[in-house]
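Please open the structure in your viewer and keep the selection box handy. We will go from stop to stop, and at each one you will hear what to select and what is there.

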Amino acid sequence: MKNISIELTVNGQAISSTVEPRTSLVDYLRDELRLTGTHVGCEHGICGACTVLLNGDPVRSCCMFAVQAHEQTITTVEGLAPERGQLSKIQDAFCEKHGLQCGFCTPGMLITCQALINKNPHPSEAEIRHAISGNLCRCTGYQQIVDAVVHATQEV
Amino acid sequence: MSNLPITPAQFTYIGKHRRAVEHRRFVVGKGNYAGDVLKPGTLHVAIVASPYASAKILAIDASAALVLPGVVSVVTGAEINAAVLPVLPGVDAPEVRRFPLADEVTRYSGEWVCVVVAKSRAIAEDAAELIQVTYEELPFVLDPEIAISDASHHVHEKAGTNLIFNRQFVWGPVDEDFAKCDHQLSYRVKWARSSTVPIETFALTCDWSDATGILDIWASVQMPKYPEQIANALKLSTNAVRVHYDVDVGGSYGVKRGLKHAILLGYLAKKLGKPVRFIEDRLENMRGGDMQGPDRLFEVSLGFQKDGEITCMKMRALEDIGAYAGRSPLQLGKPVGAISGPYRIKSVAYLAQAVLTNKTPQEAVRGFGQAPTNYALESGIDKVARFLGMDSIAIRKRNLINKDEFPYLIPSGTHYDSGDYATVLDKALREANLEELIKQRDTMRADGKLAGIGISSCLEPSGGNSSFEPLFNPKNETTTWMESCVVKIDLGGQVTALMATSTSGQAHETMVSTVVGEILLQEPDSIRVLHADSLNALPSNSPVGSRMAIMLGGAAAGAAKKLRAKLITIAAAQLQVSDQDLIFTGSQVHVANHPEKNISWSELVAIAHRKFHLLPKDMEPGLQEKFVWEVPTGGELPDDQGRVQMYPCHSFESHVVLVSIDPDTGKASIHRYVCGHDCGVMISPDVVHGMTYGGIAHGIGAALMEKFSYSPEGQFLSGTFMDYLLPSSSEVPAITIVDHCTPSPLTEFGQKGSGEAGYLGSPAAIANAINDALATINASIDYLPMTPNAIWNAIQEKN
């Protein structure tokens, strides 16, 4: 099948690429753009490690083709910090509350938490647990992730 | 060995909240995982796997694959296995040989048969589908109890048996003790085949250079003696394999061993002269990644008196290791070092049996076999309580080793270093508010739900001594399991430490910098910690066996103490006093009671690095020290009865859980979870708590959800996260950890291990809670996982 040209915005930057139609969005981000912060855990939409923001909404980038991102806006973990050298509130809170260990699920988890906070700036613990229930973590038991989100959203 | 303070409050940096150094790179997406490594010109790999439980490979036709544009090579077992040496099991079973690709016969569904190398992973997968393999199906065996019978087909014909390890240990007068007991109770429990299932699959890149003669490996590995085993299999010299330990590992908890992966890719990289990369997809990981975990049937008899005193135990453990063996049979060995749990059981008979079946092989899983054994023993404690009509807490307290009995010698020859078990249990019960918990349980029962409270009390042997190697294989005389660290102070006075292994989430850089900071009284955040590669590393046995706080922490402290001593000696020469008269404060060294007679850190550094004329005679210039630490209490072979000091340190945990069961669906929900935990002095409390929370979540999975299933035809049924269920934030409740600190007398700061914490006791506590709930309808379940279906069936049987 013929390669297809796409134009999209990734972390605020306009990008043009030519991709194989079957290339998944996550493979495109990781291999073509070398944005390796977004991770691949299961490639069938369960673990959430590959979660990115598509026009502000969290989506599984393993279950989406790169061509479907044509003329869309993508945010990956590399685009969360307000400026180079700084951390976003949620990134900072994950560090402070030890909301991660191996760091592998962390990018997807941060994206999901950011999407939650964007819609609901002061979520309850139950709302946090519900929001992250589609992101699997094998290290933390979720406790310190919940603590981190509480920390990030209570501190005003 | 310590002259430092042993109460946490007296430390400067140890035991304090501190942001982990590693987090900074992870939260901005700048980790360096094996899957992120992409060398120019890299070739990619896809695997062709056998669909049969066992089959003979008659022919492999790769012609259609080889003409696909972008395909570089197809390699079969016949080719690679002629070129490499097989990997042998950790027990003495030389005919159970494992090659990276099947050697004429496939022995489990999913076993790797051949491999395609192509310019992209997608092309490699396309080509893999074009390869035609002709098989002749062979007999197979899935049930471990059938596999040990004389009539069974042998998984490895030449081995002549499926039972590759079978040893009866008898420690103490077991039969006499049983004869003296008022009662005895026998039961069977089964721990299901599950694993740690990290979110990152195994990934690696291998790159061979003809120019240097070095095979470079970037792998998501947690494995002792990894480079040496790869070199041996590939017939390379051991200094021709360089494993890059600065790769961040995306979770492991024991299983990331990847030996066959590295032998396969090392062979391909050398053959093709190009970097070769393989990142398992999830199915490859679960099916042929050889990372399934313990699958163990227990038959236990406990002998006890009518007052609840348990005096003796017989335990048989039959471990279904799958089709090949690496270190998996040894997972029956670690529990020898805590076979009687935290109890004063006086005599024990232990029959350890490892059996081959036609399933995916096992690898080391968090706790190295201790969690299943703890589950078996703790189930029994509740059964004894029910039998005697006693409270299960009272039974535990009746039998727990008292805090003034340490060091305590258990029947299998291990001394427990220290502990205060009853206090930890009490603290957990207090935190859980037992009276309130009972009220809640009874209210739920009154509302028509099944509800129960579960307790467990168990040990986490830590410090990774690996005495199970000579215990389970007398040909293996390994008695050291050392760990190393290099610490240096540079010309600018800055401190850098070099550790010798990879990290998979345990925040070793944080731990080492905290420890070195504590000794040298330097701000830990100013201390850089690097991961060596295997060629410039000193010996390491990797982060297994809950050992790094003890062993790497001890090694880092040892090297830092040598540096501190050297700085003091330089100062003594300058101030013309003896070393003993000096006080080290980090910023300076001064004469005791005379702070004005001092010499600064920067001046001491300048003398060591630049002013040789001021250095004491015969002193080596510069500031760099190594320390290689032997496991405390290690160094001995087992005696002829199989008595051995297994691990040096023994952490303790006690879990208290309230569950309810929806009688219509069988679904269990956890309402309260408290874990009392004592791992001595915590170097990094955030890290210890994090691992404990994670261990409990992992235990919830093992208890309620996770199982690698096989069809009666030997087909693997759990290759996705829709079939193999991992606990999410919906299943894992809020957890309360209650700390207690009984320092270990054997370690630098009083620390013990904690990498397996939580997981070692949570399955037992949850199972006990569910059986407490089911006891109200006279039902019980004696196997894991207690899925909704399993619980529903147990309820229906009573209706």
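This tour visits chain A, its contact with chain B, and then some strands, a helix and cores of chain B. Please keep in mind that this is a predicted model.

**Stop 1: the two domains of chain A**

Start by colouring residues 4–79 and 89–154 of chain A separately: these are domain 1 and domain 2. Their C-alpha centres are 21 Å apart. Where they touch, domain 1 of chain A brings 14 residues and domain 2 of chain A brings 12. Now select β3 (51–54) and β4 (57–60) of chain A, as each supplies at least two residues of the domain 1 side. The most comes from β3(A), with 3 residues. Sorted by class, this side of domain 1 has 7 nonpolar, 6 polar and 1 charged residues.

**Stop 2: where chain A meets chain B**

Next, show both chains together. How many residues does each chain bring to the contact? Chain A brings 42 and chain B brings 46. On chain A, select α2 (89–96), α3 (106–119) and α5 (143–154), each of which supplies at least two residues of the side that touches chain B. Of the elements of chain A, α2(A) gives the most to this side, with 4 residues. Colour the chain A side by class and you will find 20 nonpolar, 16 polar and 6 charged residues.

**Stop 3: a covered strand in chain B**

Move to chain B and select residues 649–661, which form strand β26. Is this strand mostly covered or mostly exposed? It is mostly covered, with 13 of its 13 residues buried. In a regular strand, side chains alternate between the two faces of the sheet. Here, both faces of β26(B) are covered. One side includes B:C649, B:E653 and B:H655, and the other includes B:H650, B:F652 and B:L658.

Add residues 450–462 of chain B to see strand β18, which pairs with β26(B) in the antiparallel sense over 13 bridges. To look at one bridge, pick B:P461, whose partner in β26(B) is B:H650. Then add strand β27 (668–678) of chain B, which runs antiparallel to β26(B) and is joined to it by 10 bridges. Across this pairing, B:F652 stands opposite B:D678 in β27(B). The two strands β26(B) and β27(B) form a hairpin with 6 residues between them, and B:G666 in the turn has a positive phi of about 80 degrees.

**Stop 4: a five-stranded sheet**

Select β7, β15, β14, β13 and β8 of chain B, given here in their order across an open sheet with mixed pairing. Its edge strands are β7 (163–171) and β8 (183–191) of chain B. From one strand to the next, the twist averages 10 degrees. Inside the sheet, 9 bridges join β13 (296–304) and β14 (310–322) of chain B, which run antiparallel. One of the partner pairs is B:E299 with B:R316 in β14(B). Now add helix α10 (370–388) of chain B, which packs on the sheet and touches β8, β13 and β14 of chain B.

**Stop 5: the nonpolar cores**

Finish with B:V116, B:C485, B:A497 and B:A556, which touch the most other members of the largest nonpolar core, a set of 301 residues. Helix α16 (548–575) of chain B gives the most to this core, with 14 residues. Centre on B:A556: beyond its neighbours within four places in sequence, its contacts include B:C485, B:V487 and B:V512. A second, separate core has 7 residues, among them B:Y253, B:V255, B:M291 and B:A364.

Note on methods: Residues are numbered from 1 along each chain as its sequence is written. Chains are lettered from A and ligands numbered from 1 in the order in which they are written. This is a predicted model: local features need pLDDT of at least 70, side-chain atom pairs count only at pLDDT 80 or more; totals for chains, interfaces and linings use all residues. A nonpolar core is a set of buried Ala, Val, Leu, Ile, Met, Phe, Trp, Tyr and Cys residues joined through C-beta atoms within 7 Å. A residue is buried if 20 or more other C-beta atoms lie within 10 Å of its own, exposed if 12 or fewer, and partly exposed in between; C-beta atoms are placed from the backbone. Two residues are in contact if their C-beta atoms, placed from the backbone, lie within 7 Å. Ala, Val, Leu, Ile, Met, Phe, Trp, Tyr, Cys and Pro count as nonpolar, Asp, Glu, Lys and Arg as charged, and the others, Gly among them, as polar. Domain bounds come from an automatic or database domain assignment. Two strands pair if DSSP finds at least two bridges between them. Axes are lines fitted to C-alpha atoms, for helices over the stretch in contact, and angles run from 0 to 180 degrees between N-to-C directions.
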